[in-house]
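User: Hello! I am new to this structure and would like to learn how to read it step by step. Could you guide me?

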Amino acid sequence: MSKYKVHSIYSINKDNEGNIWLGTDNGLFRMDIKTNRLQQFNKADGAQGQTYYPFSTFKSTNGELYFGGNEGFSIISPSKISYNNYKPTVILSDFLLDNIPVIPNTKNSPLKSSIFQTKELVLDYNQNNFSFEFTSTNYLNPGKNRFRYRLEKYDDKWIETDASHRSVSYSKVPKGTYNFEIMTANNDGVWGELTSLKIIIKPAPWLSNWAIVAYILLVLLILYALIRYYNYQRKLKMYYYLEEREREQKEEYHQAQLTFFTNVSHDFRTPLSLILAALEPIKAGNLAGKYISILENNAKRLLALVNEVMDFRSLQNNKIKLNIQIGNWNQFVSDNCSDFSESAEQKRIRYTVEQDPSIAANYYFDKKIMEKILLNLLNNAFKYTPEGGYIKVETLSDIRNFTSTHANKIIIQSGNETRNLFGLVISDSGVGISEASIRHIFERYYRVSESSGTQHLGSGIGLALVKSLVELHKGYIAVYSERDLGSDIVIGFPDDASVYEANDFHNNNKADPHNPESKLDNNSKFMDHEISPITPPLPDSKKKNILFAEDNNDLRELLSETLREYYNVEEVANGREALELLANKNIDLVLTDIMMPGINGIELSKKIKENIDSSHIPVVILTAKTGDENQIEGLYSGADIYLKKPVNKQILLLSLSNLFKQQARIREYYAKHYFAQTNNTDTSINKRDAEFMKQLTEVIEKNLSNADIDVLQIASTLAMSRRTLYSKVKALTGQSVVEFIRNYRLRKAAQILAEEDISISMVMDRVGIDNASYFSRIFKKEFGESPSEFVFRHHKKSDEE
């Protein structure tokens, strides 16, 4: 009843059909019991008015009903009242934007036709305040028409109103698609069909899909810019941090280098001072043996310092490999320690070597590395043990059996701590090491320094080298010491050979470095006169021309003076001068250093071997770069021999003599084997020279029947000068070009005579010889019999076979 605005029911009656009649404060109502339809009657229907009195109702005998109200009473004959069953339709009569009626087909108008003919309405983002006015097609008592509407997806609730409110307004409707639905009922409440209008409100340009995509891209771009800026700032900070760290590291490295060079210079100063002191009496004419001995000993000491630095550098670059072989540990230690007996006597040091009787006869170890370790430790012990002190070396079958009495210690061990280790301990009564310093003694460039100002333990690289060598050998090293009480240094190595890799073991027949008969001391002087007398050179060695390239004037002059006793020596200071001299002079061998300005020794060797004019010339490289990779590089460049400085005089002269002997063998081979394959293993010849000999014999073979072929024609065919061709053939065969061609013709003729059954005159035509007497004479001179005798002997031999 609320939709009819009824607040009170004052009277109730019932007609003969059973329908209920109600008198209210807003009209008279009938309720159809059968259909539950409620029908209103007011003044427009002929009723007395809107308000009825309480209990003012009466039903007559003829069935009429009486209701009394404030304007009289109403008489109702229920049987005469009928229903209006017409289903009306809603008509949208007007459309308004911002309460202003919209005229179709005008500027900015969304209507293309009248609103009641429109099925879809498209509005801009700023046309979202709109209204509708509507009416009904029921004209029977239209004041009682009712309407029901909603804007679907905006407000889905149905709103019902009467005929006095025939308009609806919506404001600030968001963008989107909506359906405006409306329906109407006639005066008796019969509802008609639903009328629908589709409404599309376009988004604002800044809220369109493209705008949203643009916003997303903009946000992503901003995020990217922020992230990139952040990363840039982070990288910039990291760059400055790394730059600062690099600067600090460079400064630390620079300071370490200064410290190292200062310490090395200090170690070099003593032997250099002794050498200079010994030179004074020698220059004055005093050639006493003790001064020569001082020079020799201190030169060796300087060389040992240099070798120590180079060994440490090689270790840092992982270029030193193990070469383990079986050996007697007690004997090895005893042999190396015996070299220090004289030093112990001179310094009045009590020096003893004790051997563990329970130690095994043989262990696996690298003798060369062990020698470096042992000599380094003994040198330190003797250097810092005062006169009257003691040094004891004791071999151990198990280093765990040793216990030191010193309080300060540092232990370095690689591998399994539980495995058994053999080794030795070196004890001394030297200056010792404090607790503060002992943990640094294995650091590079570190020199123990005490408050008293005394310094010891070498240049800061000796013990670092020992530590690296021990670790390379998978060993153990411990230092126990106290200041002014001495030190104990323990080294140990695994007695189980299985801890090493297969390539760590000795696999060739190298000379035992501890066998006096086979040992060549790498630390010997450049000119060692204590070695056995030098083997005389080849008888014709005076004819050999050697080119020596070395940028150090003193070394070049010294070595050249030695070589001139046996060879003609040409001196140059660099590779460029060497190449110029090679182009203008006949050189039989090139001796070169590696480190030279401009063209170095490796490049010089490559250029010599790659040039057909000089590829036959042997090259010997002489250098202080002792690493295997340097030797491989030198030999790969084509060098025939790679000798390490300081070179022994006998080794150098024997190496040169062997090269010339090899050249002689090659000449002899080609003088006798004209038809040999160039890859024959009976002779040692490089690929380029072999190719040259092949080309030369091919040219001669093609022109064999031409009696007028000359050297100039052959040189032109081989694209080289006449002088170069002569030098090349002479170096490889020992013959001139004319002699080589003549002998080639003869041997070819002998081959034809032996293999083919043709006349001697035809053979002469094929080998380019047109004089029978000349052919007979030189053939007999070469083979010891005339051509006819040669043919008869070979044919007879063939018949017998």
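User: Let me start with a single residue. Is R348 buried or exposed?

Analyst: Happy to help, and please keep in mind that this is a predicted model. To place a residue, look at its relative accessible area: under 20% is buried and over 50% is exposed. R348 has a relative accessibility of 57%, so R348 counts as exposed. You will find R348 in the loop between α4 (341-346) and β18 (350-354).

User: What is the phi of R348?

Analyst: Phi is a backbone angle, and here its sign deserves a look. For R348, phi is near 55°, a positive value in a residue other than glycine. N105 is another case: its phi is positive, about 60°, and N105 is not a glycine either.

User: Where is N105 found, and is N105 buried or exposed?

Analyst: Look in the loop between β9 and β10 (120-123) for N105. The relative accessible area of N105 is 57%, so N105 is exposed.

User: Now the whole chain. How many helices and strands does the protein chain have?

Analyst: For an overview, start with the secondary structure: the protein chain has 19 helices and 31 strands. Then turn to burial, where 43% of the 801 residues count as buried. The accessible surface comes to about 44,300 Å², and carbon and sulfur atoms hold 51% of that surface. Finally, check how contacts link parts of the sequence: among contacts in the protein chain with a separation of 6 or more, 65% are between residues 24 or more positions apart.

User: Which strands make up the open sheet of four strands, and in what order?

Analyst: To read a sheet, go from strand to neighbouring strand and note the direction of each pairing. Here the order is β9-β8-β11-β14, and the pairing is antiparallel. β9 (100-101) and β14 (167-170) are the edge strands, each pairing on one side only. Take one pairing in detail: β11 (residues 130-136) and β14 run antiparallel and are joined by four bridges. In this pairing, E133 stands opposite S167 in β14.

User: How many bridges join β12 to β15?

Analyst: The same reading works here: β12 and β15 run antiparallel, with seven bridges between them. L151 stands opposite F180 in β15. On to the next pairing, β15 and strand β16 (residues 195-201) are also antiparallel, over seven bridges. There, T177 has I200 in β16 as its bridge partner. Strand β15 (residues 176-185) is mostly covered, since seven of its 10 residues are buried.

User: Is F147 buried or exposed?

Analyst: F147 lies in strand β12 (residues 146-152). With a relative accessibility of 1%, F147 counts as buried. F147 also shows how sequence and space can be read together: F147 and I182 are 35 residues apart along the chain, yet their C-alpha atoms are separated by 7.2 Å.

User: Let me try a helix. Which residues of α10 are buried?

Analyst: With a helix, list the buried residues and then see where they point around the axis. In α10 (residues 601-610), the buried ones are G601, I602, L604, S605, I608 and K609. These residues lie on the same side of α10, because they cover an arc of only 160° around the axis.

User: What does the side chain of N600 reach at the start of α10?

Analyst: A good place to look is where a helix begins. At the start of α10, a side-chain oxygen of N600 comes to within 3.1 Å of the backbone nitrogen of I602. I602 is also one of the buried residues of the helix.

Key:
Residues numbered from 1 in each chain as written. Predicted model: local features only at pLDDT ≥ 70, side-chain atom pairs only at ≥ 80, totals over all residues. Heavy atoms only, no water. Pairing = 2+ DSSP bridges. Helix = DSSP H or I, 4+ residues; strand = E, 2+ residues; numbered from the N terminus. Buried < 20%, exposed > 50% of the residue type's maximum accessible area, 1.4 Å probe, protein only. Arc of directions from axis to C-beta. Polar contact = N/O pair within 3.5 Å; in protein donor to acceptor, adjacent residues only side chain to side chain. Contact = heavy atoms within 4.5 Å. Areas by Shrake-Rupley, 256 points an atom, 1.4 Å probe, with all protein chains shown as cover.
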